Every structure is written in C-alpha cells, then in structure tokens.
Amino acid sequence: MMQTKHNWTKEEILAIYNKPMMELLYDAATVHRANHNPNQVQVSTLLSIKTGGCPEDCGYCPQAARYHTDIEGNDLMSVSQVKAQALRAKSSGSSRVCMGAAWRNVKDGPEFDSVLEMVRTINKLDMEVCCTLGMITENQAMRLAEAGLYAYNHNLDTSEDYYKDVISTRAFKDRLDTIENVRKTNVTVCSGGIIGMGEAIEDRAGMLVALASLSPQPESTPINALVPVEGTPMEEIAPVSIWEMIRMVATTRIVLPNTQVRLSAGRTQMSQEGQAMCFFAGANSIFAGDKLLTTPNPDVHEDMKLFELLGLQPMKPFVKKDQPQSVEAQYSKYKDQAEKPKWTRPDHKIERNELAKAKAKL
Ligand code: SF4
C-alpha cells in the first residue's frame with residue numbers, strides 16, 4: 001500500500017489533471033496496480049428506499065420537492081421489500097447494497113428504526129450495507145454501526161467554493177460534520193461528488209483537496225457525471241465529455257490511492273471503450289441495476305458482458321474490511337434520543353434554483 005498524502009494543494013492536483021492524457025493514464029494505472037487488483041471491480045446496487053419529496057434544494061436533484069420533475073415519489077419501503085431487492089441484487093453479482101432515502105437528515109423514530117432493521121437484514125445476507133440518508137448525528141451513526149452498517153455515503157458534491165452555487169439549504173461544513181460523526185464509529189466513509197454542474201476545473205481539484213485531506217481518506221469515492229433532468233435548475237447544462245470523466249477518475253485515483261473509485265451516475269452515456277478507459281485509469285467500483293435512485297443506469301446483463309469482455313471479476317464482499325456484527329434492537333446500547341439537531345440553513349439565493357422553483361409553481 002502506498003503512503004497516503006493528505007496535504008495536496010489545488011495547484012498540484014491541477015497539474016495532474018492537466019497532464020498529457022497518456023502520461024496521466026500511465027501514472028494513474030501505476031498507482032492503481034500498486035494498491036488494488038486491477039482485474040477486480042466492486043459491484044454495488046443502489047436502492048431508493050424513500051424517493052422524492054425532499055426539502056433540500058440541491059440544484060442537480062430531481063427528488064427535491066420544490067422542482068417540477070417526473071419523479072414518482074414513494075414512502076419508505078418495507079423491510080421485506082428491501083430484503084427481496086437485496087436478494088435479487090446478490091444473485092446478479094452485487095456485493096453491496098446502498099440504500100438511499102431523500103431526507104435532509106435522519107430523524108429518530110419508527111422510520112429510522114425500520115432502516116436499522118433493513119441494515120440488520122441485509123448484513124445477515126452477507127452483503128455489505130451502505131446507507132445514504134442525509135445528515136446524521138453521532139448517536140445515529142452509532143446506532144447504524146451497531147446494526148451492522150458497513151459504509152455511510154455523504155458526498156461533498158463539489159468544492160467548498162462552488163457548493164454555494166449548488167445548494168442553499170445546508171452548508172459544506174454540515175457535510176464534513178456528518179462525515180466526522182461516521183468516523184467516530186467503525187463504519188467506512190463513502191464520499192465523492194459530481195462533475196459537469198457548470199463548475200470550473202479548479203472546483204474539481206478543490207473537491208479532491210477536501211476529500212484527500214480527510215484522515216483517513218474515504219474508503220469509497222463515487223465520481224458522478226451530471227445527468228441533467230428536466231425541471232431541475234441544471235436541466236440545460238451540457239453533459240461532460242468522456243475525456244473529462246477519464247481525467248477526473250485518473251486524478252482521483254492518484255490523489256486517493258487506497259480508495260475504491262466508483263463510476264456512478266452518467267454511465268449510460270459512456271461507451272464500453274470509455275468505461276474501459278475509466279477502469280484502466282483506476283475506477284474499481286460501479287453501481288449496477290437499471291436505475292440510480294431516479295436516473296437511468298446500464299442494465300446489469302450489459303455490465304456483466306462488459307466484465308467478460310475485459311476479463312474483470314466482481315469483487316467479493318468484505319475484502320477490505322471484516323463483516324460487522326449486527327446487534328439486535330433489544331440489545332442495543334444506543335437508544336432513540338429523540339434528537340432534534342439544528343443543522344445549518346444558510347438560505348442564500350441561488351438564481352437558477354430560484355428560477356426552477358418559480359417555474360415549478362407555474
Ligand atoms: S440530493 Fe439528496 S438531499 Fe439533495 S435534494 Fe436530492 S434527495 Fe434531497
């Protein structure tokens with residue numbers, strides 16, 4: 001394993017990002033091979049356990065209640081529905097299930113208790129369990145850990161500077177605080193972001209500076225390409241080119257040498273050759289399944305065909321870290337504290353978010 005550098009500067013990262021492509025690919029592939037098996041790719045399934053109706057204003061997200069999109073919302077799924085989906089995912093080669101709920105933050109109560117039961121249920125299927133539920137307190141992180149959670153996802157999304165142009169309902173610092181709460185447990189951290197939201201290359205580097213400075217660095221980092229959805233403030237932004245995606249994946253691999261770098265949203269727009277170059281540049285994780293929360297994703301059979309073509313194998317679960325034990329609810333040390341944490345609400349005006357909201361009202 002390579003020693004991890006945490007004090008990357010934006011300039012150093014930009015110098016990597018802007019290298020001639022062949023040099024960048026060679027350097028990234030070298031780091032990748034030194035730290036990972038280049039023929040193994042982790043396959044995760046993303047399950048939207050509660051869709052739509054979110055009170056936040058993330059400019060890229062069709063699940064924000066304030067924008068008018070075609071998303072069909074649903075209430076929290078039942079534990080048995082989740083179990084059935086997890087079994088399906090396992091039979092098609094996934095080693096991890098990531099459950100996403102369109103919440104601003106976790107609230108103690110019956111819905112969270114139900115999510116904890118989902119975590120126990122999936123962990124008992126010998127799959128890695130990840131959750132993305134919004135902001136969480138230390139006690140909530142402890143309860144998830146006790147239930148057997150393997151990873152918690154909370155993306156930084158972009159650089160601290162550009163974050164203010166994307167979201168006004170919570171601050172960048174809230175994101176870091178949630179990650180810190182997760183770090184107080186043995187749950188691993190999954191955190192990454194989105195490119196193609198109109199940010200500058202400097203912002204991509206800025207996001208990597210922030211991710212690299214976390215100690216330890218996230219165990220998993222999704223790199224998403226914006227999928228512009230009609231009705232959202234970013235509906236008219238042109239998609240990023242595959243070359244930008246390859247550069248971002250390669251740079252992420254160099255800056256976060258031990259992390260699983262995940263190709264996430266935007267994969268439907270990539271050719272097989274484009275995806276292969278991303279794997280060569282250090283991506284070693286994908287989301288499988290025909291939907292990524294609400295946006296389209298390649299069919300799992302297509303993915304397996306691509307794996308066969310490239311000689312890639314899906315990674316087994318718990319390769320990087322042992323399976324956690326699930327503590328049953330009645331033996332839990334950490335109880336529902338009916339917490340009502342005050343997360344920040346900067347509420348500054350973001351013009352395109354305001355416009356999309358006004359359009360939705362009409
Ligand atoms: S990204 Fe998450 S927090 Fe933001 S609006 Fe969508 S569901 Fe809500």
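How many helices and strands does the protein have? In this predicted model, the protein has twelve helices and twelve strands. The C-alpha atoms fill a box of roughly 55 × 50 × 40 Å along the principal axes. For 362 residues, a compact globule would have a radius of gyration near 21 Å, and the value of 19 Å for the protein agrees with this.

Helix α9, spanning residues 242-255, packs against helix α1, which covers residues 10-17. The angle between α1 and α9 is about 130°, and their axes lie 9 Å apart. The two helices are therefore oblique, as the angle falls neither over 145 degrees nor in the range of 65 to 115 degrees. Their crossing is right-handed. On the α1 side the contact is made by Ile13, Ile16 and Tyr17, and on the α9 side by Arg247, Thr251, Ile254 and Val255. By class, the contact of α1 with α9 comprises five nonpolar residues, one polar and one charged.

Helix α2, residues 21-35, also packs against α9, at an angle of about 45° and with the axes 9 Å apart. This angle makes α2 and α9 oblique to each other. The crossing of α2 and α9 is left-handed. From α2, the residues Leu24, Leu25, Asp27, Ala28, Val31 and His32 take part, and they meet Arg247, Ala250, Arg253 and Ile254 of α9. The contact of α2 with α9 divides into six nonpolar residues, one polar and three charged. Arg247 and Ile254 of α9 appear in the contact with α1 and again in the contact with α2.

The residues around the ligand are Cys54, Glu56, Cys58, Cys61, Gln63, Ala64, Ala102 and Gly134. This shell holds five nonpolar, two polar and one charged residues. Among the nonpolar residues of the shell are Cys54, Cys58 and Cys61, while the charged one is Glu56.

Two local backbone features lie in loops. Most residues other than glycine have a negative phi, and most peptide bonds are trans. Asp157 has a positive phi, near 75°, although the residue is not glycine. Asp157 is placed in the loop between β4 (151-153) and α6 (160-163). The peptide bond joining Ser215 and Pro216 is cis, with omega about -5°. Pro216 is located in the loop between α8 (201-213) and β7 (220-225).

Key. Residues are numbered from 1 along each chain as its sequence is written. This is a predicted model: local features need pLDDT of at least 70, side-chain atom pairs count only at pLDDT 80 or more; totals for chains, interfaces and linings use all residues. A residue is near a molecule or strand if its C-beta atom, placed from the backbone, lies within 6 Å of it. Axes are lines fitted to C-alpha atoms, for helices over the stretch in contact, and angles run from 0 to 180 degrees between N-to-C directions. Helices (H or I, at least four residues) and strands (E, at least two) are DSSP runs, numbered from the N terminus. Angles under 35 degrees count as roughly parallel, over 145 as roughly antiparallel, 65 to 115 as roughly perpendicular and the rest as oblique. A crossing is left-handed if the near helix is turned anticlockwise from the far one by less than a right angle, and right-handed if clockwise. Two residues are in contact if their C-beta atoms, placed from the backbone, lie within 7 Å. The radius of gyration is taken over C-alpha atoms; the globule rule is 2.2 Å times the number of residues to the power 0.38.
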